[in-house]
Amino acid sequence: MNPDDVLRSFREELSRVSSPRDLEGLRIRYLGKKGIMRQLLEGLKNAPPQERKELGRAINEAKSSIEKEIEEALSRIKERQRQVDLTLPGRELQRGNIHPLRRVYDELVGIFVGMGFSVETGPEIEWDWYNFEALNIPKLHPARDLQDTMYITDNMVMRTHTSPVQIRAMQKIGRPPIRIIAPGKVYRRDPFDASHSPCFNQMEGLAIDVDVSFAGLKSDLTAFARAVFGPETQVDFIPSYYPFTEPSADMVVKWKGRWMEILGSGMVHPQVLRNGGIDPELYTGYAFGFGVDRIAMIKYGIDDIRLFFENDRAFLEQIR
């Protein structure tokens, strides 16, 4: 086959190429190490001596033409791929969704802010004094074992509850009235199973003034429960024990025919007030705390806390 025939054959094949992949195959077929042009050059030694110079020139010219035309064809293909076909239907943009925990978190904060509470935050790595001792939980107290603490040093822990913000808020605000909530992450050395997680979200509440009473605690928490679960929600308080409140009570709500505990509460212990710089002879206060994850599980009928952390799109899209 002479160079003119090769060039003619190449152009016929090039006219049928429509993708970069096909074009690359054509390039290899003609210009590769074992391609047609290499075979023509190697065949020069078999040509008559007087024809070799002219034949070599023709082969090189054909090779240059093929290289140039492949380069131009690649540019044309890329340009076509960049063009937008306005007749095609548009691509549907998927809308994002607020995570169920964040949705409940924002709802709860909104309820308490509407009741006159302000939001306070504190560090997640906390001093032992704020996390335990200032809350009337001295060293060797059984409550420390119940919380399965993760220690950073002998005097520093991953906070096990948001209650340390109570002390920090008292020190920061100083003289009552104080009316705050403290939402945030807390950490415990718990197994990761259907009902436990080593990291979860909690919300603490604190109210201190000259006339704060247990009746006010019950009234505010009942209003909160009915804002979350519905205006007809039944509420009850069961005597309990917490080192930082006295008296203490757990609040239960009737939800879909079942009584369920949702939070712990009580009147702030006088020693906790003293540790926060508040005179218990002049002021009283109440406090409460609950797991945001647990509220979300109850509200949405979720029976496995791990679903919140698995980033399963099918699960997350169900709650909007």
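In this predicted model, Ile262 makes contact (heavy atoms within 4.5 Å) with Phe224, Phe229, Met251, Val253, Phe290, Arg294, Ile295 and Ile298, leaving aside residues up to four places away in sequence. Residues are numbered from 1 along each chain as its sequence is written. Local features need pLDDT of at least 70, side-chain atom pairs count only at pLDDT 80 or more, totals for chains, interfaces and linings use all residues, and side-chain values use heavy atoms, with hydrogens and water left out.

Ile262 also turns up in the largest nonpolar core, a set of 42 residues in which Leu108, Phe224, Met251, Ile262, Phe288 and Phe290 touch the most other members. Such a core joins buried (under 20% relative accessible area, 1.4 Å probe, protein chains only) Ala, Val, Leu, Ile, Met, Phe, Trp, Tyr and Cys residues through side-chain atoms within 4.5 Å. Helix H5 (residues 100–114) chips in the largest share, 7 residues. A second core, separate and 19 residues strong, includes Ala134, Leu135, Ile137 and Ala287.

Then there is the packing of helix H1 (residues 3–14) on helix H4 (residues 49–82); helices are DSSP runs of H or I, at least four residues, numbered from the N terminus. Their axes come within 9 Å and cross at roughly 10°, the axes being lines fitted to C-alpha atoms over the stretch in contact, with angles from 0 to 180 degrees between N-to-C directions. That makes H1 roughly parallel to H4 (angles under 35 degrees). On the H1 side, Pro3, Leu7, Phe10, Arg11 and Leu14 meet H4 residues including Leu55, Ile59 and Glu69.

Note on methods. Buried means under 20% relative accessible area, exposed over 50%, partly exposed in between (1.4 Å probe, protein chains only). Helices (H or I, at least four residues) and strands (E, at least two) are DSSP runs, numbered from the N terminus. Angles under 35 degrees count as roughly parallel, over 145 as roughly antiparallel, 65 to 115 as roughly perpendicular and the rest as oblique.
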